[in-house]
Amino acid sequence: MAHGHMIPTIDMAKLFASRGLRATIITTPLNSLLFSKTIERSQDLGMNIDLLILKFPSKEAGLPEGCENMDSITSHANGEELIKNFFQAASLLQEPLESLLQECKPDCLVADMFFPWATDAAAKFGIPRLVFHGMGFFSLCTQVCLYQYKPYKNVSSDSESFVVPHLPGEIKLTRKQLPDSIRNEVETDLTKLMKAVVESESKSFGVVVNSFYELEPAYADYYRKVLGRRAWHVGPVSLCNRGIEDKAQRGKQASIDEHECLKWLDSKKPNSVIYICFGSVANFTGSQLMEIAMALEASRQQFIWVVRRDKNNKEDEEKWLPEGFEQRIEDKGLIIRGWAPQVLILDHEAVGGFVSHCGWNSTLEGITSGKPLVTWPVSAEQFYNEKLVTDVLKVGIGVGVKEWVRLQGDFVESKDIEKAISRVMEGEEAEKMRIRSKKLREMARQAVEEGGSSYSDFNALVEELRWRRP
Ligand code: UDP
């Protein structure tokens, strides 16, 4: 129950429904409000798609009223402490889910990785469970190799780099770039949960991946053939949103009217705007935002900058823009406070680059729109995604973040931000990256068309599910 997981899940449900299958989305009351319009529109288009709602046990797990999404947890003053309660509340959903499965008897349950108990719940009724990690093949493989071989134990400092053993492509990381759960090696509720995730995957029917084969063939093969996982790639799932409304209504209600946003972009030349957004969870400090603002002004680039600030958070009152910034950038820049219609923006020809925190959805959406990236990983598996973008695909430049820091991210100075933005927007290097990105964009589109790799793998998955039907 986080936007980065729910958005592609809804897209996936639409994908199943658009291919003539019946999809039912199970969610909680407040989360359902986020995509009820999308579901209605899909139904109007004749898709067999609907919603089932389970009450979220916030109170039972000691959560404040209204906390049903990671978004509300991370922007809460006691966010860090509430994460544990949040996962506990999620685990209380097992029983009501079982009643629901018994009643509906679906042919398959696709459940997010963070519900490891879903495999057993589905197995009680003979229903196969597919795991959705929300990650690409490269990160899935990196994660397994790190767990298996623990190369980070063989370095003498946090900043000494090591090669990820057995992973194709000589991928180098440092201990600083790893999630704290791996780095600290102390058992916490989160590490226990991750262990349960790994165990549940081995008992599940397989894994469904939001990626396309041509993007990361060596890693798709490695995951299946060497690591022996059953996996189907069905992405990029964001491509199921074809019209303006579909693209604009993904996730939360956008803080800007989509037509106003498009009008602004229409007035700009191709590849002349840099888009900056750090996803739905990262929450930068005022001083970090100030560095970004200074870099944008110094770079002289036109921009759309999405700033996630929250009224409940005291720090939000802190000053984060230089004096007179908004007046000076009036025609050049657009600041969206809150939620942006990201895919709509990225797909516009005026956008020439994307500063991203490398959440998998954003990474894939950037690539699918043919835009080179400035990579600015914050936490989760974002440092692995950065490696894919900069070292494997060569469609991005790192801003120079050194350390994994949950929510707030590692501090980056304005001069480094400015340099990375200029490298992605101007000159020969930028042009070469743009050409590579555009090729990937074409491949992504072909992958989901009839006969494409994702289209075919989706068919293979459905066929397997049909065979095992009683
Ligand atoms: N997103 C959006 N508007 C925003 C922020 C995020 O539409 O202002 C969407 C974005 O397109 C992506 C998802 O939210 O689909 C974020 O997922 P991602 O994996 O990139 O990052 P996370 O939020 O999980 O860190």
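This is a dialogue between a learner and a teacher about reading a predicted model.

Q: Where should I begin with the strands, and in what order do the four strands of the open sheet with β3 stand?
A: An order of strands is read across the sheet, from one edge to the other. In this predicted model, the four strands of that open sheet stand in the order β3-β4-β7-β8, and their pairing is parallel. The edge strands are β3 (109-112) and β8 (231-233), each of which pairs on one side only. From one strand to the next, the twist averages 30°.

Q: How many bridges join β4 to β7?
A: Strand β4 (residues 129-132) and strand β7 (residues 206-209) run parallel and are joined by three bridges. To find the place by eye, you can look for L130, which stands opposite G206 in β7.

Q: What is the order of the open sheet that six strands form?
A: Here the order is β11-β10-β9-β12-β13-β14, and the pairing is again described as parallel. Its edge strands are β11 (333-337) and β14 (396-398), each pairing on one side only, while the twist averages 15° from one strand to the next.

Q: Which strand pairs with β9 over four bridges?
A: Strand β9 (residues 273-277) pairs with β10 in the parallel sense over four bridges. Two opposite positions can help you to follow this pairing: I274 stands opposite F303 in β10, and Y275 stands opposite I304 in β10.

Q: Why is β10 said to be largely enclosed by the rest of the structure?
A: The reasoning runs through burial, for which a residue needs 20 or more other C-beta atoms within 10 Å of its own. In strand β10 (residues 302-307), six of the six residues are buried, and therefore the strand is largely enclosed by the rest of the structure. The two directions can be read separately: Q302, I304 and V306 point one way from β10, whereas F303, W305 and V307 point the other way, and all are buried.

Q: Which residues of the largest nonpolar core touch the most other members?
A: The general idea is that nonpolar side chains tend to be buried together in soluble globular proteins. In this structure the largest nonpolar core has 135 residues, and those that touch the most other members are C141, Y275, I276, V374 and I421. Helix α1 gives the largest share of this core, namely eight residues. If you take V374 and leave aside its neighbours within four places in sequence, its contacts are G353, V355, G396, I397, V399, A420, I421 and V424.

Q: Is L173 buried or exposed?
A: L173, which has its place in strand β6 (residues 172-174), has 21 other C-beta atoms within 10 Å and is therefore buried. Not counting residues up to four places away in sequence, L173 touches S161, F162, V164, L178 and F383.

Q: Which parts of the backbone have a positive phi or a cis peptide bond?
A: Most residues other than glycine have a negative phi, and most peptide bonds are trans. With that in mind, look at E170, a residue other than glycine whose phi is positive, near 50°; its place is in the loop between β5 (161-163) and β6, and with 8 C-beta neighbours inside 10 Å E170 counts as exposed. K394 is not a glycine either, but has a positive phi of about 55°. K394 has its place in the loop between α17 (382-392) and β14, where its 14 C-beta neighbours inside 10 Å make it count as partly exposed. The cis peptide bond is the one from G235 to P236, with omega near 0°, and P236 is found in the loop between β8 and α11 (244-248).

Q: Finally, which residues around the ligand come nearest?
A: A shell can be read by its nearest members, by the elements that supply it and by the kinds of residue in it. There are 20 residues around the ligand, of which G4, G279, S280, G359 and S362 come nearest. At least two residues of the shell are supplied by each of α1 (3-18), α15 (342-346) and α16 (360-368), and α16 gives the most, with four residues. By kind, the shell divides into nine nonpolar, nine polar and two charged residues.

Technical notes:
Residues are numbered from 1 along each chain as its sequence is written. This is a predicted model: local features need pLDDT of at least 70, side-chain atom pairs count only at pLDDT 80 or more; totals for chains, interfaces and linings use all residues. A residue is near a molecule or strand if its C-beta atom, placed from the backbone, lies within 6 Å of it. Ala, Val, Leu, Ile, Met, Phe, Trp, Tyr, Cys and Pro count as nonpolar, Asp, Glu, Lys and Arg as charged, and the others, Gly among them, as polar. Two strands pair if DSSP finds at least two bridges between them. Axes are lines fitted to C-alpha atoms, for helices over the stretch in contact, and angles run from 0 to 180 degrees between N-to-C directions. A nonpolar core is a set of buried Ala, Val, Leu, Ile, Met, Phe, Trp, Tyr and Cys residues joined through C-beta atoms within 7 Å. A residue is buried if 20 or more other C-beta atoms lie within 10 Å of its own, exposed if 12 or fewer, and partly exposed in between; C-beta atoms are placed from the backbone. Two residues are in contact if their C-beta atoms, placed from the backbone, lie within 7 Å.
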